[in-house]
Amino acid sequence: MVNKATVVFLLSLAVLGHLPQSLCWKREENSIFFDGAVFLHRNFALETDILRKVKTSGEVHCGLACLSEKDCIAQTYCAESWAKTKGTCYLHKNGIKDEQTTGVLVRREECTYQQYINFYEASCSRQCHNGNRCSYDYDNRRYACRCEPPCTAIQFRFTTLGMQGNSGPTSTAGYVNTTLKGAVTLHNGIQIWTVPFTALYELTVAGASGGDTSFSGGKGAIVNGSVHLTKGTELHLLIGQKGLKGTGQNVGAGGGGGTFVVFSNNTLLAAAGGGGGPGGQITAKNGDNGQTSRNGSVYGGVNGLGGSVCADEVSNAGGGGGFKGDGKCSTSIMCTFPRKCNQGGLSYLNGGLGGSGNGIGGFGGGGAADKKFPGGGGGYSGGGVYASSYTPKGGGGGSYYTGEMKPSNEVNAADGYVLIDFDGSLL
Ligand SMILES: *[C@@H]1O[C@H](CO)[C@@H](O)[C@H](O)[C@H]1NC(C)=O
Ligand SMILES: *[C@@H]1O[C@H](CO)[C@@H](O)[C@H](O)[C@H]1NC(C)=O
Ligand SMILES: *[C@@H]1O[C@H](CO)[C@@H](O)[C@H](O)[C@H]1NC(C)=O
Ligand SMILES: *[C@@H]1O[C@H](CO)[C@@H](O)[C@H](O)[C@H]1NC(C)=O
């Protein structure tokens, strides 16, 4: 990145004759600076918007003076007729509109007008607030920060759209009175949304809680923090749904779904674990909360895989699905040979359906319950299940975040959600 100091340094070299005395710099790769940095009108002067005037020996020194002055965008250098090496340098705080030279510039022999175009644009964009863009304001002849609407704060709130059970929403009608009206499309229950403007956003991702029996489902984990998102980026959001209680006496409940925010290339941005289901009979345990670390709890999955079931009694309870691996059931009373089953929640990459059984797992990979045994929560890694005769318990799914995001110390006792907050007043 070329900064003002470098420009002044380069100009000094030019003065010393090490560079051609042209003020046209080649822009460096990835730099927003200097791509043919000036436009120039010989035999013209700007007689307004003068910050100050100085005597300089030549045009290049006049350029140095302008670039060293914070608000200088343009200069007029007028040579004294008897000696072309000395002259008066006028530093301007506003420029001209490129194609409207006449009427603004005044014809003066011996004077040269130069405007530092991209330079000023770049210094202006450093000062613009979150989401604002620096652009040339022709009416006022200067670069200024302008809002891309909205200039104030706005919140995008993604919900389950009223859907319950192991599959996702089929209609976006619930967004009709919200900032998401018309902005979300559905693909197998996953919500697809395009980032509306480039800015720093506050992202909050909450997993769903497990279903309740006479014991409580584990609560969903919450992760939050700022993320920089670029306009046009497509996000895929799977909002976890609560696990459900089975029908009948002493039955367990399904695990809550994890909530996932994923780029369209299937790179995960953040995920929050769903809570595990509680067992169904009198000595059962509450479900475990969604975990703020990446692994699921209670024989949970690791590194994005699904949860397992460990039992002291044969059980069809399902583990929660992870980001890339499905939740499992146990083969026997052992946990060493997991098997595929309908009660296991599917991974995000396999569609994220919750497990089916008596006590359905929530969309987002929640595992289903079987008899008194609960299901595990979905998440980055799925929660597992302890299918014990006396103390059955569902584990919570794991969470995923990077960069500025952190686990919140709050938990979520309902369906999952995602908040994407934009604050136009942030610098
Ligand atoms: C949207 O707002 C209108 C007008 O206030 C109201 O009649 C309607 O029920 C609202 N719809 C939803 C889905 O909230
Ligand atoms: C996350 O949310 C909590 C509670 O709303 C808030 O206090 C905290 O500052 C947020 N964390 C980050 C990293 O923004
Ligand atoms: C996926 O897309 C995101 C956002 O556009 C990008 O930051 C990331 O590098 C991409 N990852 C891969 C593996 O292509
Ligand atoms: C997750 O589990 C794996 C395998 O046991 C372990 O290597 C890793 O350290 C665990 N991660 C965390 C964050 O505890």
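How do the residues of the shell around ligand 3 divide into nonpolar, polar and charged? The split is one nonpolar, three polar and no charged. The shell itself consists of Thr233, Phe263, Asn265 and Thr267. Phe is counted as nonpolar, so Phe263 is the nonpolar member.

## Overview

This is a predicted model. The protein has 427 residues, and 50% of them are buried. Its secondary structure comes to three helices and 22 strands.

Sequence-distant contacts are well represented. Take the contacts between residues at least 6 apart in sequence: 67% of them join residues at least 24 apart.

## Two further ligand shells

Ligand 2 is surrounded by Asn224, Gly225, Lys406 and Ser408. Two strands matter here: S12 (220-229) and S21 (406-412) each supply at least two residues of the shell. The shell around ligand 2 holds no nonpolar residues, three polar ones and one charged. Lys counts as charged, so Lys406 is the charged member.

Ligand 4 has Ser293, Arg294, Asn295 and Val302 around it. Here the division is one nonpolar, two polar and one charged. Arg counts as charged and Val as nonpolar, so Arg294 and Val302 fill those two places.

## The largest nonpolar core

In soluble globular proteins, nonpolar side chains tend to be buried together. The largest nonpolar core in this model has 33 residues. Those with the most contacts inside this core are Val205, Val223, Val261, Ala270, Ala271 and Val418. Strands S8, S11, S12, S13 (234-238), S14 (259-263), S15 (268-272) and S22 each supply at least two residues of the core. S11 gives the largest share, five residues.

What does Ala270 touch, leaving aside residues up to four places away in sequence? Its contacts are Leu203, Val205, Val223, Val261, Tyr400, Tyr401 and Met405. Val205, Val223 and Val261 also appear among the core residues with the most contacts.

## Pairing around strand S22

Strands of a sheet pair through backbone hydrogen bonds, either parallel or antiparallel. S22 (residues 417-422) runs antiparallel to S8 (residues 154-158), and five bridges join the two. S22 also runs antiparallel to S11 (residues 199-206), this time with six bridges.

Ile420 in S22 takes part in both pairings. Phe156 stands opposite Ile420. Leu203 has Ile420 as its bridge partner as well. Leu203 is also one of the residues that Ala270 touches.

## A three-stranded open sheet

Three strands form an open sheet in the order S16-S19-S20, with mixed pairing. S16 (309-311) and S20 (393-394) stand at the edges. Each has a single partner strand, so one side of each is left without a neighbour in the sheet.

S16 and S19 (residues 385-387) pair in the parallel sense over three bridges. Cys310 stands opposite Tyr386 in S19.

## Helix H2

Is helix H2 (residues 59-68) largely enclosed or largely open? H2 is largely enclosed by the rest of the structure, because seven of its 10 residues are buried. The buried residues are His61, Cys62, Gly63, Leu64, Ala65, Cys66 and Leu67.

Key
Residues numbered from 1 in each chain as written. Chains lettered and ligands numbered in written order. Predicted model: local features only at pLDDT ≥ 70, side-chain atom pairs only at ≥ 80, totals over all residues. Near = placed C-beta within 6 Å. Pairing = 2+ DSSP bridges. Helix = DSSP H or I, 4+ residues; strand = E, 2+ residues; numbered from the N terminus. Buried ≥ 20, exposed ≤ 12 C-beta atoms within 10 Å, placed from the backbone. Contact = placed C-beta atoms within 7 Å. Core = buried A, V, L, I, M, F, W, Y, C linked by C-beta atoms within 7 Å.
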